[in-house]
Amino acid sequence: MARFSPLMAVPIVVFASFVGLAITGMYREDPEGLPSAREGQLAPPVVLTEFIDKPLFDDATLRDGEVKLVNYWASWCAPCRVEHPNLEALSHEELKIYGVNYKDQQDNAASFLTELGDPYTAIGRDEKGRMALDWGVYGVPETYVIDGEGRIVLRFAGPVTQRVIEGTLRPAIEKARGN
């Protein structure tokens, strides 16, 4: 009669664990979305340098009682170019958008805004990407919905498209406004 070794069960347990993780991942609400540990927390400190001839924003700005967006962008980022007209449109809806220019050459960033327009109420530069690390930014573009108390309601990684505005940002903005 063959003896059963507990080591023979290891491959079965490993395989069953993998299958369980795969099934859990497939049934997430948004399987392509990147989770954010910061949602529901106060936004991390704003540590930025000035952008040429543009107003700078700070922590107090994020806690001014109004709902706003914080958008990480760069002139070298192709998806940032794609989302830019949508940010322009949102800025005309009396929604304040604060820009964080991420790891970019200031002259290139200024040319980007001159060419495509400036949707930002205020802009700062995160030259080394240190503030982005604190915020949990994976890469640009990323957009955050911030409530009036400075709390992160939503983090969206990727370009802001019309579909994203209607299906993701507007519901988060309404939630932040308490509607």
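These questions and answers cover a predicted model.

Reader: In what order do the six strands of the open sheet lie?
Author: The sheet is open, and its pairing is mixed. The edge strands, each pairing on one side only, are E1 and E6 (152–157). From one edge to the other, the order is E1-E4-E3-E2-E5-E6.

Reader: Which residue of E4 is the bridge partner of Glu50?
Author: E1 is joined to strand E4 (residues 122–126) by two bridges. The two strands run antiparallel. In E4, Glu50 has as its bridge partner Gly124.

Reader: Is Phe51 buried or exposed?
Author: Phe51 sits in the loop between strand E1 (49–50) and helix H2 (59–62). Its relative accessibility is 2%. The cut-off for burial is under 20%. Phe51 therefore counts as buried.

Reader: How many residues apart in sequence are Phe51 and Ile123?
Author: Beyond its neighbours within four places in sequence, Phe51 is in contact with several residues, among them Trp73, Leu113 and Arg125. Ile123 is also one of these contacts. C-alpha to C-alpha, Phe51 and Ile123 are 6.3 Å apart in space. In sequence, their separation is 72 residues.

Reader: Which residues of E5 are buried on the side opposite Glu142, Tyr144 and Ile146?
Author: In a regular strand, side chains alternate between the two faces of the sheet. E5 is mostly covered, with five of its five residues buried. Glu142, Tyr144 and Ile146 are buried on one side. The buried residues on the other are Thr143 and Val145.

Reader: Which residue in E5 is the bridge partner of Lys68?
Author: E2 and E5 run antiparallel. Five bridges join them. The partner of Lys68 in E5 is Ile146.

Reader: Which residue of E6 stands opposite Glu142?
Author: E5 and E6 pair over five bridges, in the antiparallel sense. E6 is mostly covered, with five of its six residues buried. Opposite Glu142, in E6, stands Ala157.

Reader: Which residue in the turn of the E5 and E6 hairpin has a positive phi?
Author: The hairpin leaves five residues between E5 and E6. One residue in the turn has a phi of about 90°. That residue is Gly150.

Reader: At what angle does helix H6 run to E6?
Author: H6 spans residues 162–177. This helix lies across E2, E5 and E6. Its angle to E6 is about 165°.

Reader: Is H3 parallel, antiparallel, perpendicular or oblique to H4?
Author: Two packed helices are described by the angle between their axes and the distance between the axes. H3 and helix H4 (residues 106–116) have axes 11 Å apart and pack at about 50°. An angle in the range 65 to 115 would count as roughly perpendicular, and one under 35 degrees as roughly parallel. The angle therefore makes H3, relative to H4, oblique.

Reader: What is the handedness of the crossing of H3 and H4?
Author: H3 contributes Cys80, Arg81, His84 and Glu88 to the contact. H4 contributes Phe112, Leu113, Glu115 and Leu116. The residues of this contact divide into four nonpolar, one polar and three charged. The crossing is right-handed.

Technical notes: Residues are numbered from 1 along each chain as its sequence is written. This is a predicted model: local features need pLDDT of at least 70, side-chain atom pairs count only at pLDDT 80 or more; totals for chains, interfaces and linings use all residues. Side-chain values use heavy atoms; hydrogens and water are left out. Helices (H or I, at least four residues) and strands (E, at least two) are DSSP runs, numbered from the N terminus. Buried means under 20% relative accessible area, exposed over 50%, partly exposed in between (1.4 Å probe, protein chains only). Contact means heavy atoms within 4.5 Å. Two strands pair if DSSP finds at least two bridges between them. Axes are lines fitted to C-alpha atoms, for helices over the stretch in contact, and angles run from 0 to 180 degrees between N-to-C directions. Angles under 35 degrees count as roughly parallel, over 145 as roughly antiparallel, 65 to 115 as roughly perpendicular and the rest as oblique. A crossing is left-handed if the near helix is turned anticlockwise from the far one by less than a right angle, and right-handed if clockwise. Ala, Val, Leu, Ile, Met, Phe, Trp, Tyr, Cys and Pro count as nonpolar, Asp, Glu, Lys and Arg as charged, and the others, Gly among them, as polar.
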